[in-house]
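Welcome to a short tour of a protein chain. Have the sequence and the 3D view open, and look up each residue as it comes along.

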Amino acid sequence: MKARTRTLIAAALVLGIASGPVVAHAAPVPVPAGVTAPLVPAPPNAVVLERAIAGPGAGHRDATAALVRVGGTSGSWRGSSGVADIVTGRAAVEEGRFRAGSVTKAFTAAVVLQLAAEGRVDLDRPVRWYLPGTVPDSYGAVTVRQLLNHTSGIPAADGPGDSFEAQWEHRFDVTDPHDQIADALAKEREFAPGTAQHYLNINYTVLGVLVEKVTGTSYEEAVGRRILRPLGLRQTSFPSRTQTRIHGPHNRGYQAIARADGSRELRDVTEWNSSDRWAAGDIISTTADLERFTKALFSGRVVPAAQLEEMFTVPAVKNIADGKDATMTAGLSRVVLPDGTVAWGKSGGRHGYNTGIGATRDLSRTVVYSVNSTNAKGEDTNPVVQGIVMAAFAE
């Protein structure tokens, strides 16, 4: 693959995985019959990757630490930089745990698809069949598949507000998913089910409750029994409803706050209750565990082949946020490159932590990162994240 194409892949991945839906349309490059070439044949470029993570630290504007793993059939690379905390300045913990945010959705989707493979969930059956009295008749027949690919039309539940300060004031609040669902479904639907896409956590909150109803156990136990323990993801866990700390070795997260005099404060946001995200975004993990999960998922060792296709199938609708073609699938996001190359991944953002997993479907290239961003919930892609993803696909 040529350098220009590789750069285009990296740029699209940064946009598609790290910050939101983006699609580039082009005809695929023909491959001779009988020839199956790896989508990314070159090994990771260690020099470029080292340069990409050279900046983070206590005085860096955008990130205090970075943890990266790049792999695939052509080779692998791993690295870390920055500090574990800005008070002591000790080196970042390479195997540290972190809040992976919406990467959780890939785990939730995988469990639902396993249940579908077992015949315990029908993706085309209305959600109210499994959760009677939950979805109002006025919403129409919202199906399980429409929750998975964010085409349900269910609006977001109310929260403390979009500003950091509003969320900071409520950082220790304990949120019940059933209350969130009731709040969201008390509103009018955003659109008729299946006619548009809107990426919202509420879809996966409902799926978490559905998993509990079908399995007869907690959502956390269902994921643990079906994914975490079979794959040996020993450093991956879900916080309890009231837990605010990250247990085990970890790098502390910070949010940059502007002061009145023009200077800035790095406020420690490591301790936070994430019950408002639950099945949509509260998993805690490591780059090693997420890399193992990504490889197992894409290779068909987590979800059977027939159901796995749901994770690589984008609904033929528009995204209501920008009117562009939808890119979200069941738990992942698609990026189509100018030469026809397709990459898939999922990002997550919790205050103090930006996380991402991504890969080509043939696993010739995988990338997992955790960046302690100083504005992890900002609208723009963190420059360190952008540099890492671009470096992961550089020659």
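Let's begin with a pair of opposite charges: Glu118 and Arg120 meet through their side chains in a salt bridge, with 3.7 Å from N to O. Glu118 counts as partly exposed, at 43% relative accessibility, and Arg120 is partly exposed too, at 36%. Keep in mind as you read on that this is a predicted model.

**More salt bridges**

In total, the structure holds 22 salt bridges. Three of them, including the one you have just met, are set out here.

| Salt bridge | Closest N to O | Relative accessibility of each partner |
|---|---|---|
| Glu118 and Arg120 | 3.7 Å | Glu118 43%, Arg120 36% |
| Arg252 and Asp268 | 2.5 Å | Arg252 23%, Asp268 29% |
| Glu309 and Arg361 | 2.4 Å | Glu309 36%, Arg361 34% |

Which parts of the chain does the salt bridge of Arg252 and Asp268 tie together? Arg252 lies in the loop between helix 9 (219-231) and strand 5 (254-258), while Asp268 belongs to strand 6 (residues 264-268), so the pair connects parts that are 16 residues apart in sequence. Both partners are partly exposed: Arg252 has a relative accessibility of 23%, and Asp268 has 29%.

Now find Glu309 and Arg361, whose side chains meet in a salt bridge of 2.4 Å, N to O. Glu309 sits in the loop between helix 11 and strand 8, and Arg361 in the loop between strand 11 (353-360) and strand 12 (366-373), so this pair ties together parts 52 residues apart in sequence. Salt bridges can also share partners: in that way Arg69, Arg78, Glu94, Glu95 and Glu291 are joined into one network.

**Rings that pair up**

Next come the aromatic side chains, which form nine aromatic pairs in this structure. One of these is the pair of Phe164 and Trp168, which is tilted, with 5.9 Å from centre to centre and 35° between the planes. Both residues lie in helix 6 (residues 164-169), four residues apart, or about one turn of the helix. An α-helix has 3.6 residues a turn, so residues three or four places apart point the same way. Phe164 is buried, with a relative accessible area of 14%, and Trp168 is buried as well, at 14%.

How are the rings of Phe298 and Phe312 arranged? Their centres are 5.3 Å apart and their planes meet at 85°, so the pair is edge-to-face. Phe298 lies in helix 10 (residues 287-298) and Phe312 in the loop between helix 11 (305-308) and strand 8 (318-319), so the pair links parts that are 14 residues apart in sequence. Both Phe298 and Phe312 are buried.

Return to Trp168 for a moment, as ring pairs link Phe164, Trp168 and Trp272 into a cluster. Trp168 has a charged partner too: the charged end of Arg267 sits over its ring, 4.9 Å from the centre. Elsewhere, Arg125 lies over the face of Trp129, 4.0 Å from the ring centre.

**One side of a helix**

Now turn to helix 12 (residues 383-392), where the buried residues are Val384, Val385, Ile388, Val389, Ala391 and Ala392. Where do they lie around the axis? They cover an arc of only 165°, which puts them on the same side of helix 12. At the start of this helix, a side-chain oxygen of Asn382 comes to within 2.8 Å of the backbone nitrogen of Val384.

**A buried leucine**

Leu207 is found in helix 8 (residues 202-215). Is Leu207 buried or exposed? Leu207 is buried, with a relative accessible area of 0%. Leaving aside residues up to four places away in sequence, Leu207 touches Thr108, Val112, Val144, Leu147 and Leu148. Leu207 and Lys105 are 102 residues apart in sequence, and their C-alpha atoms are 9.7 Å apart in space.

**The whole chain**

Finally, step back from the single residues. The chain's secondary structure comes to twelve helices and twelve strands. Of its 395 residues, 55% are buried. Among contacts with a separation of 6 or more, residues 24 or more positions apart account for 72%.

Note on methods. Residues are numbered from 1 along each chain as its sequence is written. This is a predicted model: local features need pLDDT of at least 70, side-chain atom pairs count only at pLDDT 80 or more; totals for chains, interfaces and linings use all residues. Side-chain values use heavy atoms; hydrogens and water are left out. Rings of Phe, Tyr and Trp (its six-membered ring) pair if their centres lie within 6.5 Å; planes under 30 degrees apart count as stacked, over 60 as edge-to-face and the rest as tilted. Helices (H or I, at least four residues) and strands (E, at least two) are DSSP runs, numbered from the N terminus. Buried means under 20% relative accessible area, exposed over 50%, partly exposed in between (1.4 Å probe, protein chains only). A charge sits over a ring if NZ of Lys or CZ of Arg is within 6 Å of the ring centre and within 35 degrees of the ring normal. The arc is that of the directions from the helix axis to the C-beta atoms. A polar contact is a pair of N or O atoms within 3.5 Å; within protein, one must be able to donate a hydrogen and the other to accept it, and residues adjacent in sequence count only if both atoms are side-chain atoms. A salt bridge is a side-chain nitrogen of Lys or Arg within 4 Å of a carboxyl oxygen of Asp or Glu. Contact means heavy atoms within 4.5 Å.
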